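Me: I'm new to this structure and would like a close look at one part of it. Could you pick one helix, walk me through it and its surroundings, and then tell me how it sits in the whole?

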Amino acid sequence: MNLQTILDTVPTFLWSDGNDVTGLAVTAKLFLLSVVPGMMLAVIMAVGQVYGPRPLAMLIRSVSYFFRSTPLYLQLMLIYYGLSQFDVVQLGWQNDQPFWLLFRDATFCATLALVLNTSAYVAELLAGMMVTFPRQEWVAGEAFGMSRAQIIRRLVLPATLRRGIPALNNEMVFLLHATSLASTVTLLDITGVARSFYAATYSPFIPFLLAAALYLVCTFALIFLFSLTERRWLAFTRRS
Amino acid sequence: MVIDYLPLLLQGAGLSLCVMLLALVLALILGLINAVVKLFGPPWLRWLSTGYTTLVRGIPELVIMLLLFFGGEMLVNGFLGLLGIGPVHFNTFLSGVLAIGFVFGAYYTETFRGAFQTVDQGQLEAAVAYGMHPGQVFRRVMLPQMLSFAIPGINNNWLGLMKASALVSILGLEDMVWLAEQAGRATQKPFLFYFLISLIYMVITALSGWMFSRLARRYALYSSTARDTY
């Protein structure tokens, strides 16, 4: 492999192979598509788990336990390949029902698996912090005449999300790395591009090292962004 | 029909468990060595360890595994070729274990480094004053106290390692995930088999959670500071 062939692969690794969007662009798309619904679902799950009625809390806890105790790869296989086992799904595909057709789309399945997976981890983290929310602040909220829902919305959530920023940073790095599994369901993200280059050339170092370098850059960029947010929202924890 | 596949799946589960446990041993050893190097090693070695942990933790496991799995064999054979020795073929099992152990060694380095730092400096000086040599200080004073702090991290990383081991099926090792895929195809019941395998992972998670909480209670006895925590 000479330098020119390596340079020719760069656009494919970054945005497109000429026909489709590939590489970094797909990784970024998967990450962004998963991060917003994942965070929202995590907040809802955490609130339900800590402040919801007991049966709801139990349900959320067991669902979250499933997603945290099994490999994401298996979850993805369950969604993308597993669902075809059921007649409802097969029937939906035959009748072109838009809802079931979604489960044939690799991007949708990968995003769904990532959302469910990351929300389980983040919810556990947020729930852990909500449990230790200072009692005095809660009482102060009551003294102001706030309802339970208002206290959760105005006091608990902002405080928890702020204090959770350093831990969330870790989870977001894990989510970024987890997007690499999308390559197992035919998607051409950074890892997918590297694997297809390997399959075509049987030269492992260039494609996988390029992929590794791209992920490193993304990871450091993510950590840098989080350090900015910490400076902004956790300014009160800094010693002057 | 499903029953017919159970012995095969259990056999696969045994293989998966072997991969996990051997990789765990490798990762623990790598982590311990690197943590000690990071804290007490000469600057150039410390620099190397930092590079290892930073790089490995910044790249997805799957990419590192693919790189080591496909690149490792080529690298070794290239080296052997220079020495005039014929090419060797890497065993899938061994490469899987080495790749996972290598990745999680980096995570364990950070766990152990953090735990070593919680050991009271004064106790180390006291141990030296008693005339213990560095090996004894490490074995008698540092290791038992550090373990009580490291146990939650050891459990977390072990669970991560266990889940990452499912990826060896992508490399072609016939572990339980790979077998579940085949069985699911043959019987057209992929959900059922993937779900059965998921249950095995859940059982392992639950069992190790229980075991580690017992270990944590046991090791809390050795530590002057951790005792209040448990």
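What follows is a walk around helix α11 of chain A, and then outward from there.

Reply: Happy to. Keep in mind from the start that this is a predicted model, with an ipTM of 0.86 and a pTM of 0.86.

Let's set the scene with chain A. Chain A has 12 helices and zero strands, so read it as helix after helix from the N terminus on. Its C-alpha atoms fill a box of roughly 70 × 55 × 25 Å along the principal axes. Of the 240 residues in chain A, 36% are buried. Among contacts in chain A with a separation of 6 or more, 72% link residues 24 or more positions apart.

Now the helix itself. α11(A) has 12 residues, and from first C-alpha to last it reaches 17 Å, close to the 16 Å expected at 1.5 Å a residue. Which of its residues are buried? The list is I190(A), T191(A), G192(A), V193(A), A194(A), R195(A), F197(A) and Y198(A). And what covers them? The cover includes α1 (3-14), α2 (24-51) and α12 of chain A, together with α3 (61-83) of chain B. In other words, part of the cover for this chain A helix comes from chain B.

Both loops beside α11(A) hold something to look at. Ahead of the helix, in the loop between α10 (165-178) and α11 of chain A, you'll find T186(A). T186(A) has a positive phi of about 70° although it is not a glycine. That stands out because most residues other than glycine have a negative phi. Is T186(A) buried or exposed? T186(A) has 11 other C-beta atoms within 10 Å, so it is exposed; the cut-off for exposed is 12 or fewer.

On the other side, the loop between α11 and α12 of chain A holds Y202(A). Just after α11(A), then, Y202(A) takes a positive phi of about 55°, and Y202(A) is again a residue other than glycine. With 9 C-beta neighbours inside 10 Å, Y202(A) counts as exposed too.

Let's follow the link to chain B. In all, 31 residues of chain A are in contact with 28 residues of chain B. On the chain A side, α3 (54-69), α4 (72-80), α11 (190-201) and α12 (205-233) each supply at least two residues. The largest share, nine residues, comes from α12(A). By type, the chain A side divides into 20 nonpolar, 10 polar and one charged.

For a single residue on the other side, try V63(B). Leaving aside neighbours within four places in sequence, V63(B) is in contact with S180(A), T191(A), F208(A), A211(A), A212(A) and Y215(A). T191(A) in that list is one of the buried residues of α11(A). V63(B) also turns up in the largest nonpolar core, which has 119 residues: A23(B), V63(B) and L161(B) have the most contacts inside that core. The largest share of this core, 14 residues, comes from α7(A). As general background, nonpolar side chains tend to be buried together in soluble globular proteins.

Since α7(A) has come up, look at a helix that packs against it. The buried residues of α9(A) pack against α7 (106-131) and α8 (135-143) of chain A. In α9(A), I151(A), V156(A) and T160(A) are buried. One of these, V156(A), is where α9(A) bends by about 35°, and a proline, P158(A), follows within four residues. How does its end-to-end span come out? At 1.5 Å a residue, the 16 residues of α9(A) (148-163) should span 22 Å, and the end C-alpha atoms are 21 Å apart, which agrees.

Over in chain B, L196(B) makes a handy stop. L196(B) lies in helix α8 (residues 190-220) of chain B. Beyond its neighbours within four places in sequence, L196(B) is in contact with L9(B) and A180(B). L196(B) has 19 C-beta neighbours inside 10 Å, so it counts as partly exposed; 20 or more would make it buried.

Finally, how far can you trust chain B? Its pLDDT averages 85, and 95% of the residues score at least 70. Confidence in chain B is lowest in α3(B), at a mean of 84, and highest in helix α2 (residues 43-58) of chain B, at 90. Over residues 226-230 of chain B the pLDDT is below 50, and this stretch has seven contacts in the model beyond near neighbours in sequence. Where pLDDT is low, the predicted coordinates should not be read in detail.

Methods. Residues are numbered from 1 along each chain as its sequence is written. Chains are lettered from A and ligands numbered from 1 in the order in which they are written. This is a predicted model: local features need pLDDT of at least 70, side-chain atom pairs count only at pLDDT 80 or more; totals for chains, interfaces and linings use all residues. Two residues are in contact if their C-beta atoms, placed from the backbone, lie within 7 Å. The expected span of a helix is 1.5 Å times one less than its number of residues. The bend at a residue is the angle between axes fitted to the seven residues ending there and the seven starting there. Ala, Val, Leu, Ile, Met, Phe, Trp, Tyr, Cys and Pro count as nonpolar, Asp, Glu, Lys and Arg as charged, and the others, Gly among them, as polar. A nonpolar core is a set of buried Ala, Val, Leu, Ile, Met, Phe, Trp, Tyr and Cys residues joined through C-beta atoms within 7 Å. pLDDT is the predictor's confidence in each residue, from 0 to 100.
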